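Please open the model in your viewer and keep the sequence beside it. The tour below moves from one selection to the next and says what can be found at each stop.

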Amino acid sequence: MKNPFRFLKRSHHTDEETQTAAEEETVTEEEEIEEPVSEKTKDPDDGFVEWLRSAQRGGIERRERNDIYETYSVYGADEQGRLICRLYHRYPEHERDFGLSYSRVLQFDEFNKRLLAELDRGDIKLGDYHACIEKAEQLCGITPGEDGTYTGFSRAEAEVLRDFCEAADTLTDKEYRTGDGIFRCSCRSVVGDESLNLWFRRPLRHDALDTQVSGVSRVDIGGYDIESMWIMGVYNRISERCERCRVTKLVYDWSAEKETVFLMTLEGFGGIGGTLLLAVSDAAAFSRFGFYSLDFSHTKP
């Protein structure tokens with residue numbers, strides 16, 4: 001009978017060589033296992049000075065399983081005079097301290113945009129924003145504009161805005177809330193029970209009103225080109241109270257729903273004066289709209 005294993009060649013390695021190779025393989029595997037693995041990244045040694053720290057936020061990161069994580073951002077400058085934003089994160093379930101996720105050098109406009117997004121999320125206060133921007137202006141040699149450091153409406157100004165909303169007879173079920181420089185009125189139409197939001201604030205020195213926002217198209221329109229009869233009703237009453245009113249239609253192009261907010265820039269509003277901004281839309285659009293960044297991707301808790 002023929003040998004069925006004749007196609008197998010005999011190894012030329014001796015038993016001693018085979019044992020040595022096995023030992024080397026075992027040592028290599030042990031070294032790989034014992035190598036420490038750390039999620040925490042050390043802060044760069046660049047003389048970073050912290051100016052502002054945002055509040056901690058939590059979320060869920062979907063990987064092989066859902067990991068609950070927390071983050072916060074730190075804004076400041078390094079010893080070379082560059083504006084820096086750093087993001088720190090941690091996974092509470094791992095019982096580890098916060099570690100540096102990234103550290104980025106930003107231009108002034110990028111730095112300001114991130115701070116405006118923090119305002120929209122409610123992670124920093126308006127007064128802290130102004131203090132941080134003033135330091136960034138000094139560092140970059142930017143001369144402050146004429147607008148002051150607006151931190152909110154006075155009690156008398158808030159009463160003027162409340163009286164205006166109360167006088168709007170096409171709207172009902174009005175509720176008011178103020179905070180972080182914004183006067184908010186949520187209400188419903190007298191017919192059809194449509195929900196509306198009216199948000200008032202003053203412009204900032206470096207307002208997103210003057211910049212382009214990714215994914216958001218802007219078109220200046222006439223007040224009578226507003227599609228919603230209820231929002232047009234707000235425009236009609238606004239026009240009676242101010243010297244001039246300009247309407248800008250903001251549309252979120254990256255959404256299938258094309259959420260829309262009408263931004264009204266008011267000059268000489270009776271009882272307040274100066275420039276006043278009013279954003280008007282339904283509740284669905286406002287759930288994703290940030291009034292400071294004029295973006296649709298930052299929700300406020």
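Two strands are said to pair if DSSP finds at least two bridges between them, and the helices (H or I, at least four residues) and strands (E, at least two) are themselves DSSP runs, numbered from the N terminus. With that in hand, select β7 and β8, which pair in the antiparallel sense over six bridges.

This is a predicted model, in which local features need pLDDT of at least 70 and side-chain atom pairs count only at pLDDT 80 or more, while totals for chains, interfaces and linings use all residues. Residues are numbered from 1 along each chain as its sequence is written, and side-chain values use heavy atoms, with hydrogens and water left out.

**The whole chain**

Show the whole chain before going further: there are six helices and 12 strands in it. Of its 301 residues, 42% count as buried, where buried means under 20% relative accessible area, exposed means over 50%, and partly exposed lies in between (1.4 Å probe, protein chains only). Contact means heavy atoms within 4.5 Å, and among contacts between residues at least 6 apart in sequence, 55% join residues at least 24 apart.

**The sheet**

Select next the seven strands that form an open sheet with antiparallel pairing, in the order β6-β7-β8-β12-β11-β10-β9. The edge strands, each of which pairs on one side only, are β6 (171-179) and β9 (216-221). Neighbouring strands of this sheet are turned by 20° against each other on average, direction ignored; for such values, axes are lines fitted to C-alpha atoms, for helices over the stretch in contact, and angles run from 0 to 180 degrees between N-to-C directions.

Now zoom in on β7 (residues 182-189), which pairs with β6 in the antiparallel sense over seven bridges. Leu 171 stands opposite Ser 189 of β7, and Tyr 176 has Cys 185 of β7 as its bridge partner. The two strands form a hairpin with two residues between them, and Asp 180 in the turn has a positive phi of about 55°.

On the other pairing, Ser 186 stands opposite Asn 197 in β8. The hairpin of β7 and β8 has five residues between its strands, with Gly 192 in the turn at a positive phi of about 90°. Is β7 mostly covered or mostly uncovered? Six of its eight residues are buried, and β7 is thus mostly covered.

**The helices α5 and α4**

Select helix α5 (residues 229-241), which lies across β6, β7, β8 (195-201), β10 (244-252), β11 (260-267) and β12 (275-281), and runs at about 160° to β12. Add helix α4 (residues 155-167), which packs with α5 at an angle of about 130°, their axes being 11 Å apart. Angles under 35 degrees count as roughly parallel, over 145 as roughly antiparallel, 65 to 115 as roughly perpendicular and the rest as oblique, and α4 and α5 are therefore oblique to each other.

To see the residues between them, show Val 160, Phe 164 and Ala 167 in α4, which meet Val 234, Arg 237, Ile 238 and Arg 241 in α5. The residues of this contact divide into five nonpolar, no polar and two charged, with Ala, Val, Leu, Ile, Met, Phe, Trp, Tyr, Cys and Pro counted as nonpolar, Asp, Glu, Lys and Arg as charged, and the others, Gly among them, as polar.

**Phe 111 and the helices α2 and α3**

For the last stop, select Phe 111 in helix α2 (residues 108-121). Phe 111 is buried, with a relative accessible area of 0%. Leaving aside neighbours within four places in sequence, the contacts of Phe 111 include Trp 51, Tyr 75, Gly 76 and Leu 83. Gly 76 and Phe 111 are 35 residues apart in sequence and 9.6 Å apart in space, C-alpha to C-alpha.

Finally, add helix α3 (residues 126-140), whose axis comes within 11 Å of that of α2 and crosses it at roughly 175°. The helices α2 and α3 are therefore roughly antiparallel to each other.
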